[in-house]
Amino acid sequence: MIKDIKYGGYTAQPSDYECQDGDLASSINLINEDGALHPVAQPKVLKQLSAQDKVAFIHKTSSFTHYIIYNSPYITYTVEGSNAAPKKITDTYNTLYGITHFNAVGNTLLAFTATQIVYFLWKDNGYIYLGDHIPEIDISFGLVGHPRLFSMSDESKATFNISFDGIAEGALNNEFSENNKTRITEQVMAKVNKFIRQQTVEKGRFCFPFFVRYALRLFDGSLVHHSAPILMNPSTNGCPVVFWKHIRGKKSYTDAELDIMMVASTLDYKILNSRDAYNLEKWSDIISGIDIYISKPIYTFDQEGKCTSWVDTDNFSTKFIGRLYATNKTSTTTAVAEDKVVGNFTSKDFLDIYSEWEYSRIYALYFSPDRTYPGQTLHLPEFSDQKVNETIRNTQLFYKLKSIDTAEAVANKGRRIDIVVEDEYLQSLTSRETLDDDYLTHDILCAESSYAFNNRLNLSGVARKPFDGFLGQSMFAWFSNFYTWENNSGTMTVKPVLFGDSIDCEVIVYLKENGREYRVAASDYYAGYMGQYLSYDMVDSDKKDFKTKRSWGCYVFYPNVNAHKMVISNSSYGSFLINLKPHEFLNGAYAVLDYEQVRTTNYTYADLPTIGYSPNSFEGSYIKQPNKVFTSQVNNPFFFPLSGINTVGTGNILGICSAAKALSQGQFGQFPLYAFTDEGVWAMELNSEGLYSARQPITRDVCINPEGITQIDSAVLFPTDRGIMLISGSQTQCISDAINSEYPFDLRTLPGLQGLHDRLEHDALKDKCLPILPFTQFLKGCRMIYDYVHQRIIVYNPSVTYAYVYSMRSQLWGMIYSNISSNVNSYPNALAVDTAGNLVDFTIESGDDVASLLVTRPLKIDAADVLKTVDTIIQRGNFRKGHVQSIIYGSRDLYNWSLVWSSKDHYLRGFRGTPYKYFRIALLCNLAEDESIYGATVQYQTRKTNQPR
């Protein structure tokens, strides 16, 4: 009898007893496509490199293609098509160890390690090392006081008079009658409001407390690294102050002469030479500028309230906080303020001191000897301290005041610069651009995996290193020193109180997240500066105790709602503890402290570890975000907005991927991005902003090897315990059922097969083709390459020298000899790096003849349980004589196999002997590209059919 057998693909299921004739137990370097077995040629070598210089990534834009080479700890690159030696990206000063992978968005290359994401910018024919985060730019803000007196203002040039119901001589210090409260308030507040408007709003100045906040503006307009809201307090008490000089009347007082004084402030800033300021110029292509915002003024008096009495002792002792304006200073010790000589001082730079200036002293400096400081102030309708503090706590809107270009910031770094506000600008402040809140952009990120899609960078397996915190110099208004006044022989002189010792303080923050406590610290290494917050006792500086009756900083902030404690600390003098609470409107924690509150040591430096110290390790320094996907702004891998952070389930995200080809014009299907978690695969939907939201879990299949996740045209492949799954849209299917076996056939059990395999001339030292691993074990270390040109999927494991090949055209499997060590992102190309370090391309075949090995699964020849004698086997196909050599094996139990016959060509003839139930055909082939094998013709006779056997 004669039977024609058509060869299929490699299978391991169903069992040998049930499998169809023609299925293959091995097909090394052969794949069934177009109805026949075709050779799978080895890939073409594109670039020869050393085994150490392996291509780890391809950075490709419309302008260039760079092969990124990582040889720990150095990174180099070579240009596509160039034979020049690789050029260095990193050097001795910025070496990187433990890089897990690379990615790129535009001309920005990213290197990922276990603790950081390092950025490199391609510019001017070279890569610029930027570092692992946008630089922390610390800016201090100060107030520059412009003392103003109503009687010397441009408009009035005089005091003003008011009238009221008669007040008896003995009742002058009593509370006003209701009628007088109304009359006096109407007259006084009309002048006060007009004076305030003229001297502040119309001239771009401030007299009430307000917040200033700044953020770094990136090249695409995004704002990051928002500062703390910095409370700028032009005065310690109410402002302005209304003086009364003369109260007149017959028998009772009925009119009075009044004057108004305020210090209208402008704002200045200084970019500190601290932390990352030196990186600002290097980041100038990313950071386009610094935007400064301010809040509305926090009014300290009640427009609906009323004046209550002539006695106001609190406002009488008001102080301005900042430095005083001077139009000119001579080279001698004489200071000139507002073009008016005010006396001789012991320091020529006296007016540059940022300190507390009592109104009485300011009055003496600017308005005497023509006038003397009045002795009484009117009690204006002030808000209570509780009401003012409530307004401070609830401040959430900040309006744009000024933009500083990066070039300007670099040029003026380390200098105090006045912020010029145009006249009337503040009149329309609330119509200006507002500052959106920040969300953890100060934190340093690292990620286990990343995926660039739709011009956005997506991260999973993210961990955050909490921000160190704001320096005191940038969290509080600028302060330089206290001063004392001395009267020497009738001449008033001023002497700054300089601290004798350096006070280097730390701002230490404690926060709780994920059930752990973390400790971060920002240090101020500037002598005496933190005296603005914790200073020597002004009475006895020898005590060296952090204690003062007044403090410059009364608002503290940390940009994380989970912060609960802040400590201002010094190793020599102790620490002051502040309890924080979450801000109701901003993403952060804060505390508002009374200006008059005494700051005193309540912890020693040695106590700090006992109130929340975390060890210096990854677990103690980084906050894991295992179930979140971070998506960057479009074309901006430096900024991950809050709207781009998605929570996916409750488990760990193992990886993210998308279908590579659009399903329709402008659309990437219903679910463009998939999140692979330890709970299954979640679909991510695209919203109108181009960001994603976690929609639903579409399969419970769990990826067992994130490195095996691979995108193809309209689907994604990933390995699971079930096998290789293909997910498209919301549907999944297993494409490897046919080859999934925990007990694969060992070809070495066939007599002489090892010698036959050796004739494939694989590298004897590296050959690990036989035996093949259980398929699930193979998948746990596998990776995949998508050959778009040939429509094949290559599944390899670097630990062995064979790989599976799946033809998407025939949906059948084959095998190849593999020396692949890693694959490179290169869609639609199929690039990989071999064990010699060479870069190879599977889409381009080498053109050499391919040595291949084929072994069939047991042939039953239509009668599985009948003994048969085979006398002729002829291989059919399109191949040249001598390119196919044949062997036949026989068995009666599917386990013990005997060599029956062999031939040096495709004919097996002239043999006859012991009958067998099952046969295997083994072929050693050396096929050219145009050759193929279709199947075999078998001539046989059945034996002993009289009973079951």
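In this predicted model, a good place to start is helix α4, residues 385-394, whose buried residues are Val388, Asn389 and Ile392. Viewed along the axis of α4, these buried residues fall within an arc of 100°, so they line one face of the helix. The pattern fits a general rule: an α-helix has 3.6 residues a turn, so residues three or four places apart point the same way. On their buried side, the residues of α4 pack against four strands, namely β16 (210-218), β18 (230-232), β35 (555-558) and β39 (589-592).

Attention turns next to the nonpolar cores. The largest of them comprises 98 residues, and Phe141, Leu267, Trp310, Leu378 and Leu459 have the most contacts inside it. Strand β20, spanning residues 252-271, contributes 11 residues, the largest share of this core. A second core, separate from the largest, is made up of 44 residues, among them Met784, Val795, Tyr802 and Tyr918. Back in the largest core, Leu459 offers a view of the local packing: leaving aside residues up to four places away in sequence, its contacts include Phe112, Ile117, Leu445, Phe630, Phe640 and Ile656.

Empty space is also present, with 6 cavities of 30 Å³ or more in the structure. The largest cavity holds about 240 Å³ of space. It is lined by 19 residues, of which Thr441, Asp443, Leu445, Phe638 and Phe640 are the closest to its centre. Leu445 and Phe640 thus appear here as well as among the contacts of Leu459. Strands β12 (117-123) and β29 (444-453) each provide at least two lining residues. By character, the lining consists of 13 nonpolar, 3 polar and 3 charged residues.

Key: Residues are numbered from 1 along each chain as its sequence is written. This is a predicted model: local features need pLDDT of at least 70, side-chain atom pairs count only at pLDDT 80 or more; totals for chains, interfaces and linings use all residues. Side-chain values use heavy atoms; hydrogens and water are left out. A nonpolar core is a set of buried Ala, Val, Leu, Ile, Met, Phe, Trp, Tyr and Cys residues joined through side-chain atoms within 4.5 Å. Buried means under 20% relative accessible area, exposed over 50%, partly exposed in between (1.4 Å probe, protein chains only). Contact means heavy atoms within 4.5 Å. The arc is that of the directions from the helix axis to the C-beta atoms. On a 1 Å grid over the protein atoms alone, a cavity is a set of points where a 1.4 Å probe fits but cannot get out, and a pocket is an open set with protein on both sides within 12 Å along at least five of seven lines; lining residues have an atom within 4 Å of a point. Grid points are joined across faces, edges and corners, and a volume is the space filled by probe spheres set on the points. Ala, Val, Leu, Ile, Met, Phe, Trp, Tyr, Cys and Pro count as nonpolar, Asp, Glu, Lys and Arg as charged, and the others, Gly among them, as polar.
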